[in-house]
2 protein chains.
Amino acid sequence: MTKVVILGAGNVAFHLFRAFQHTKEIDVVQVYNHRPEKLSDFTETNTTTSLSELKKAQIYIFSLKDDAIAEVAKKLKDSRSLYLHTSGGLPITVLSKFENFGVFYPLQTFSTKRKVEFRKIPLCLESSSEENLQELKKLGASISENLYEINSEQRRALHAAAVFVNNFTNHLYHLGAEICEKNQVPFNILQPLIAETAAKIKELSPEQAQTGPALRNDKKTIQTHLKLLNQDQTEVYKLLTQSITKLHGKEL
Amino acid sequence: MTKVVILGAGNVAFHLFRAFQHTKEIDVVQVYNHRPEKLSDFTETNTTTSLSELKKAQIYIFSLKDDAIAEVAKKLKDSRSLYLHTSGGLPITVLSKFENFGVFYPLQTFSTKRKVEFRKIPLCLESSSEENLQELKKLGASISENLYEINSEQRRALHAAAVFVNNFTNHLYHLGAEICEKNQVPFNILQPLIAETAAKIKELSPEQAQTGPALRNDKKTIQTHLKLLNQDQTEVYKLLTQSITKLHGKEL
């Protein structure tokens with residue numbers, strides 16, 4: 001079994017740990033976090049709050065906040081093991097002080113309370129050498145069917161795209177929920193629409209799937225909507241309407 | 001069997017027609033559209049391009065563009081049947097020239113080519129009288145499990161909320177796809193994230209489900225992202241980041 005130490009105890013660390021627990025190939029021998037209260041979800045393995053007590057392992061996974069990754073890496077001595085981070089936003093080079101290093105970025109949104117099917121999660125892999133890449137792929141294949149080789153520049157772009165389709169989309173859900181609440185309509189009426197919007201683009205490109213008043217240049221409906229929105233909703237409505245109109249070549 | 005005439009041959013008319021075909025209670029005796037080429041998807045029933053040839057029916061459903069609904073209604077004589085429209089944006093009163101009238105609004109995004117499970121689609125019902133409401137509910141229950149009584153003001157708000165969670169969300173998917181394309185990353189890497197973003201809010205409110213650099217006030221990541229976006233993407237990124245920050249009480 002490959003021995004792994006996870007540095008970090010947040011959502012990504014938590015779900016990685018659970019996923020590795022179900023494999024025969026990987027043994028998480030320790031989880032590190034500097035705050036002891038964060039380690040209560042990891043009682044099935046050894047935990048430590050001290051970097052000087054880190055166990056030996058073939059792979060160390062930095063699953064910490066972006067700023068903490070470089071900071072903690074600085075404090076560790078190289079052991080010829082493989083050192084990986086799980087950040088979408090950081091280049092591979094933040095770990096270049098080690099001989100063997102790479103990136104192991106699971107492209108998904110994680111909440112501690114919500115189960116995820118890890119086998120379907122895309123893992124974006126990048127490595128300092130061909131040999132390390134093989135080890136990374138073995139590690140990835142133990143928990144996911146979807147492995148991609150993605151370099152640091154592509155990963156940065158992917159991370160930005162993820163902000164659009166996840167963070168910003170979720171915020172649009174919130175603005176929709178605000179409008180519902182104000183007008184005493186249950187937000188869950190919108191659930192089938194939200195699900196279908198996401199499912200539709202498996203078959204159609206988002207450009208082909210576009211519908212609505214902005215696409216139709218339906219000024220009357222747009223005016224009706226603007227009348228019932230607050231200032232923040234209005235700004236978002238106007239800008240996205242404009243952006244759709246620009247893309248689809250119809251001037252308002 | 002209740003005889004129904006559908007006026008209109010667009011996506012909503014098409015999916016309504018298919019749904020009614022699978023019921024024992026409803027018989028669509030005719031579909032009207034003024035453009036004959038639009039009627040080719042309705043060969044299983046009678047079709048007409050002339051309002052003077054409309055058949056007798058207990059229920060007439062106006063499933064036309066918003067502007068066409070009032071226009072066509074003007075040309076029809078009242079027959080004491082029930083007259084309904086399927087528009088999210090129009091008040092019930094556009095059909096008030098008839099004695100019995102109402103709204104039958106399916107809250108979903110329809111494409112002709114994509115099958116939908118109609119039984120899960122929320123139907124928003126509004127009626128000119130209690131008696132008509134009973135008939136509307138019977139009609140609705142024949143094809144859907146999710147019936148809601150929604151008045152015109154609520155429906156208008158719901159329609160605006162739908163623009164946020166459907167039209168605008170889909171456009172964010174497009175912006176994400178643009179970023180992927182420019183950086184030669186396949187857009188489908190983002191599919192599991194998109195699906196999970198939509199699924200998550202069945203358990204958590206969108207406000208609770210929010211994650212990402214805007215929420216964390218992670219200026220470094222935000223700056224990294226802004227550097228790789230084009231002008232249109234930048235405007236959307238900045239405004240939505242601002243809107244998230246405002247909501248969650250952290251100033252950038």
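**Figure 1. Surroundings of B:Ser243 in the predicted model.** Leaving aside neighbours within four places in sequence, B:Ser243 is in contact with four residues of chain A, namely A:His171, A:Leu175, A:Asp232 and A:Val236. B:Ser243 belongs to helix 9 of chain B, which runs over residues 231-247. With a relative accessible area of 1%, B:Ser243 is buried.

**Figure 2. Relation between chain A and chain B.** A turn of 180 degrees, with a shift of 0.0 Å along the axis, lays chain A on chain B with an RMSD of 0.0 Å. The two copies are therefore related as by a two-fold rotation axis. Within chain A, the C-alpha nearest this axis belongs to A:Thr169, at 2.7 Å from it. Of the interface residues of chain A, 100% are also interface residues in chain B, so the copies meet through the same surface.

**Figure 3. Helix 3 of chain B and its two sides.** Helix 3 of chain B comprises twelve residues, 130-141. From the first C-alpha to the last, helix 3 of chain B reaches 16 Å, close to the 16 Å expected at 1.5 Å a residue. The buried residues of this helix are B:Asn132, B:Leu133, B:Leu136, B:Leu139 and B:Gly140. Viewed down the helix axis, these buried residues fall within an arc of 120 degrees, so they line one face of the helix. An α-helix has 3.6 residues a turn, so residues three or four places apart point the same way. The exposed residues B:Glu130, B:Glu131 and B:Lys138 are carried on the face of helix 3 of chain B turned away from the buried side.

**Figure 4. The largest nonpolar core and the contacts of B:Phe62.** The largest nonpolar core has 118 residues. The members that touch the most other members are A:Leu7, A:Phe62, A:Leu190, B:Leu7, B:Phe62 and B:Leu190. Residues up to four places away in sequence not being counted, B:Phe62 touches B:Leu7, B:Ile69, B:Val72, B:Ala73, B:Leu76, B:Tyr83, B:Leu84, B:His85, B:Thr86, B:Leu95 and B:Phe98. Apart from the largest core lies another, of 28 residues, including B:Val4, B:Ile6, B:Leu84 and B:Ile121.

**Figure 5. Contact between domain 1 and domain 2 of chain A.** The domain assignment of chain A places residues 2-150 in domain 1 and residues 156-247 in domain 2. Taken over C-alpha atoms, the centres of domain 1 of chain A and domain 2 of chain A are separated by 35 Å. Seven residues from domain 1 of chain A and five residues from domain 2 of chain A take part in the contact.

Note on methods: Residues numbered from 1 in each chain as written. Chains lettered and ligands numbered in written order. Predicted model: local features only at pLDDT ≥ 70, side-chain atom pairs only at ≥ 80, totals over all residues. Heavy atoms only, no water. Least-squares fit on C-alpha atoms with pLDDT ≥ 70 in both. Contact = heavy atoms within 4.5 Å. Helix = DSSP H or I, 4+ residues; strand = E, 2+ residues; numbered from the N terminus. Expected span 1.5 Å × (residues − 1). Buried < 20%, exposed > 50% of the residue type's maximum accessible area, 1.4 Å probe, protein only. Arc of directions from axis to C-beta. Core = buried A, V, L, I, M, F, W, Y, C linked by side-chain atoms within 4.5 Å. Domains from an automatic or database assignment.
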